[in-house]
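Here is a short report on one protein model. It starts from a single strand and works outward.

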Amino acid sequence: MAHTEMDFQALFEQSPDILLVLLPDAPRFTMVGATRSRLEITHTTLEQTVGVGLFEAFPDNPDDAGASGATNLRASLERVLATRAPDTMAVQKYDIRGPDGNFQVRYWSPRNLPVISDRGEVIYILHRVEDVTDLVRAGEEGAEQRGRAQQMEREVLARSRELDAANRQLRDANARLNQLDAAKTAFFSNVSHEFRTPLTLMLGPLADALADTTRALQGAQRERVQLANDNALRLLKLVNALLDFSRLEAGRLRASFAPLDLAIFTHELVMMFQSAIEGAGLKLEVECPPLSEPIWMDATMWEKIVPNLVSNAFKFTMRGSIRVQLRETATHAVLEVADSGVGIPAAELPRIFERFHRVAGVSGRTHEGTGIGLALVRELVTQLGGTITVRSEPGVGTAFRVEIPKGRAHLPVDAHINETPVTHAVGRDAHAHVAEAARWSGAVPPEPARAEASSVPGGRVLVVDDNADLRTYIHGLLAPHYEVMLAVDGRAALQVAREQHPDLILSDVMMPQMTGIELISALRALPETASIPAILLSARAGEEATIEGLSAGCDDYLTKPFTAQELLARVRTHLQLARTRKMLIAELQQTNRELDAFSYSVAHDLRAPLRAISGFSEMLVEEHSAQLDAEGRRLLDVVRDSTYRMSQLIDDLLHLARVTRAELRRVPMDLSALVRDVAQKLQQAEPQHRVELQIADGLQVNADPQLLRVAIENLLGNAWKFTGRQSQPRIEFGMDATQPQPTYYIRDNGAGFDMAYAHKLFGVFQRLHSEREFHGTGIGLATVARIIQRHGGEIRGEGAVGRGAVFHFTLDNKLGTP
């Protein structure tokens with residue numbers, strides 16, 4: 001093989017054409033190969049060419065202000081990368097450096113051709129030129145040849161204009177294709193709502209009818225309902241496949257990785273087909289031994305891959321067996337699905353993974369199919385960082401082999417990763433494949449389980465959907481167990497929620513007037529509705545839609561079509577959680593009241609003896625100081641200082657308890673004036689400590705005045721204390737306008753702190769400085785942090801030893817009580 005590759009390289013280098021091979025690493029366009037003709041005409045060697053940027057080696061002549069050859073060539077190469085199509089340039093004038101180092105004028109007719117990989121990516125650009133210098137200069141060599149040269153030049157220029165026009169048409173056509181592709185993707189995304197809502201109304205009642213044991217369907221009636229249910233599942237499978245393709249093309253279908261026991265999940269998926277396969281007289285062989293480690297996997301994607309391969313094997317296997325084997329190598333988990341079916345002709349194998357391609361003339365259990373199953377499988381395997389291959393022999397059978405890397409080194413740097421191992425419940429896609437397989441063999445798939453009665457005694461549920469049929473259907477499901485209220489859109493639902501205070505809200509996403517996302521945001525912004533649990537029901541599938549809903553503040557996200565069992569289970573769960581949350585809140589409030597009473601009691605019990613100690617200490621100082629020796633006076637000072645610090649500690653603990661439980665009452669207030677007032681009182685308390693103050697004016701906030709004063713007193717007091725040893729102490733207060741939300745700061749040039757201990761800043765009883773140098777209880781910043789958090793904000797500190805510190809904090813400036 002190496003000898004053959006060297007022969008090809010030698011053939012290329014000896015080509016009489018002027019050729020250059022470029023990497024698509026714009027803007028450098030590194031040269032990686034050249035023919036001898038190219039090297040000769042440019043007076044260069046292979047060592048001077050390979051690994052060098054094209055425009056580094058061949059720039060325009062700096063002494064020629066009108067030189068544009070390099071600029072035009074760069075534009076052509078960038079068009080090739082953008083369109084992945086060849087680009088032919090008009091005749092260009094190039095300045096080529098000669099052996100003597102001087103530039104020589106050459107006239108070339110260039111053409112740039114992309115080399116495309118199997119995955120559709122540009123991996124090289126072939127730069128080919130024809131030297132027409134003699135042709136262009138022929139007009140300068142005498143009257144006898146001038147006429148012919150001019151004619152040839154006109155032909156060359158005419159050809160160049162034609163090529164330029166063709167290139168413009170090609171670029172316009174490519175732009176229109178891109179627009180059509182974007183329109184197609186948008187169409188699939190928008191039409192999903194129109195598909196999934198009727199599918200919900202089909203699959204829900206059909207599953208209910210098949211599961212109803214009190215009025216069980218019999219005979220032909222049951223068969224008709226089962227047929228409708230199976231075909232609705234098949235329609236769902238097709239819709240999901242088409243939507244997956246649209247998301248793949250738009251770049252919005254991204255794998256979400258988590259550790260998965262691949263053996264257990266694969267075995268579960270395969271065994272769902274056992275009844276159908278064995279019912280058709282085939283043997284199903286499954287080998288899925290435990291693997292040595294979990295595999296980083298998107299379980300939803302794997303759930304599409306395995307059923308597609310198994311159902312495909314079953315579709316084209318009339319007799320014999322289907323074998324599914326999962327094993328591992330040192331580096332990969334390997335899945336192989338092999339059958340003894342009709343096989344695939346060798347000429348068709350290269351196209352087997354093309355979308356919408358179907359092998360002609362092959363008999364199977366059905367002629368139905370869209371030709372997108374295997375294409376989707378390949379795309380999903382690629383998303384997982386794996387590979388899929390196929391081998392087949394007509395009349396013998398086919399084997400598909402999927403290899404997924406072990407470990408996590410192959411995961412994309414921007415991938416969504418969940419470190420917690422997952423157990424994935426089999427979804428409707430897999431059941432749709434099983435139902436279709438059962439229809440091929442005549443076997444009947446397992447019936448869905450009957451919905452259980454809710455264990456929550458009552459509850460008020462608000463159902464919001466602009467589709468009247470779906471409102472009626474959900475009402476019918478919930479009414480036997482709960483009190484149900486209905487609303488036709490988000491705006492009406494918001495009014496009902498404010499007036500009726502339901503225990504749970506079920507809302508569609510895509511609605512007129514106000515969408516479900518907007519409804520959730522509005523509910524969370526109002527104190528009286530902020531804690532109502534909400535479940536979004538949406539036809540929009542995919543991780544990005546789920547993340548959008550959860551980010552808006554919903555508690556759960558259920559994709560249409562859903563089953564009655566799914567809906568009832570989620571409603572029951574969230575009502576139970578809501579009731580538990582209310583009980584815990586009530587218990588916490590009662591505990592807080594008891595803690596308040598305890599705090600005041602402890603404070604009184606501790607302060608009484610402290611006052612006595614303090615009083616007797618002062619009496620000793622005033623009346624008996626002269627009778628005490630130096631050691632006695634020192635010990636008395638220790639007692640007085642300890643009493644003061646104990647009293648300060650009690651006050652700080654009470655502050656901490658109060659700010660955690662006190663009711664938050666926001667009002668508009670002047671934060672600048674508050675900071676200035678606190679600073680003035682600190683200056684009055686320590687007149688000998690002169691600080692340079694810079695306080696920004698006009699900063700307004702909505703906050704609790706009492707609590708915010710406690711926070712500012714602690715922050716400013718710390719800055720005051722830690723600048724005490726500076727010759728020119730300075731404290732600055734202001735707002736950072738570069739942040740996306742108002743961010744306030746207090747900065748000083750004092751003692752600072754080591755950032756290695758920054759995580760301890762806001763803990764209770766945490767000190768970053770020696771108590772001998774700076775007195776304190778270690779509670780002040782913990783109190784500040786809780787006050788800021790009560791206001792819906794965040795606080796962080798930065799500092800350097802001996803260079804000061806700065807504390808940044810935000811406040812949610814909404815009015816009202818959270």
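## A strand on the inside

Start with β13. Seven of its nine residues are buried, so β13 is largely enclosed by the rest of the structure. Keep in mind that this is a predicted model.

β13 covers residues 397-405 and runs antiparallel to β11, residues 332-339. Eight bridges join the two strands. Two pairs help to fix the register. H332 has P405 of β13 as its bridge partner. D339 stands opposite T398 in β13.

## The hairpin

β13 also pairs with β12. This pairing is antiparallel too, and it spans seven bridges. Within it, E393 is matched with G397 of β13.

The two strands β12 and β13 make a hairpin, with three residues between them. One turn residue, G395, has a positive phi of about 85 degrees.

## The five-stranded sheet

How are the strands ordered in the sheet that holds β13? The order is β8-β10-β11-β13-β12. The sheet is open, and its pairing is mixed. β8 (283-287) and β12 (387-393) stand at the edges. Each has a single partner strand, so one side of each is left without a neighbour in the sheet. On average, neighbouring strands are turned by 10 degrees against each other, direction ignored.

Two helices pack on this sheet. Helix α9, residues 262-271, touches β8, β10 (321-328) and β11. The direction of α9 makes about 170 degrees with that of β8. Helix α12, residues 373-383, touches β12 and β13. Its direction makes about 145 degrees with that of β12.

## A helix pair

α12 has a helix partner as well. The axes of α12 and α11 (residues 299-315) come within 9 Å. They cross at roughly 145 degrees, and the crossing is left-handed.

Which residues make the contact? From α11 come M301, K304, I305, N308, L309 and N312. From α12 come G373, L374, V377, L380, V381 and Q383.

## Salt bridges

Side chains of opposite charge can pair when their charged atoms come close. In this model the count comes to 25 salt bridges.

One of them joins D131 to R106, with the closest N and O atoms 2.4 Å apart. The pair links distant parts of the chain: D131 lies in β6 (residues 122-131), R106 in β5 (residues 103-116), and 25 residues separate them. Is D131 buried, exposed or partly exposed? Its relative accessibility is 29%, so D131 counts as partly exposed.

Another salt bridge brings us back to β13, which spans residues 397-405. E403 pairs with R401, and the closest N and O atoms are 2.7 Å apart. At 22% relative accessibility, E403 counts as partly exposed. The cut-off for buried is under 20%, so E403 does not qualify.

The side chains of E528 and R498 meet at 3.2 Å, N to O. This pair also links distant parts of the chain. E528 sits in the loop between α16 (516-525) and β18 (534-538). R498 belongs to helix α15, residues 490-500. The two are 30 residues apart. Both are partly exposed: E528 has a relative accessible area of 34%, and R498 comes to 43% relative accessibility.

Some salt bridges share partners. Such bridges join D677, K681, R709 and E713 into one network.

## Cysteines

How many disulfides does a search of the whole structure find? The result is zero. Two cysteines can be placed by their accessibility. C288 is buried, with a relative accessible area of 15%. C554 is buried at 6% relative accessibility.

## The whole chain

Now step back to the full protein. It has 22 helices and 26 strands. Of its 818 residues, 42% count as buried.

Contacts across the sequence can be tallied too. Consider the contacts with a separation of 6 or more. Residues 24 or more positions apart account for 67% of them.

Terms used
Residues numbered from 1 in each chain as written. Predicted model: local features only at pLDDT ≥ 70, side-chain atom pairs only at ≥ 80, totals over all residues. Heavy atoms only, no water. Pairing = 2+ DSSP bridges. Helix = DSSP H or I, 4+ residues; strand = E, 2+ residues; numbered from the N terminus. Axes fitted to C-alpha atoms, helices over the stretch in contact; angles between N-to-C directions. Contact = heavy atoms within 4.5 Å. Salt bridge = Lys/Arg side-chain N within 4 Å of Asp/Glu carboxyl O. Buried < 20%, exposed > 50% of the residue type's maximum accessible area, 1.4 Å probe, protein only. Disulfide = S-S within 2.5 Å. Left-handed = near helix turned anticlockwise from the far one by under 90°.
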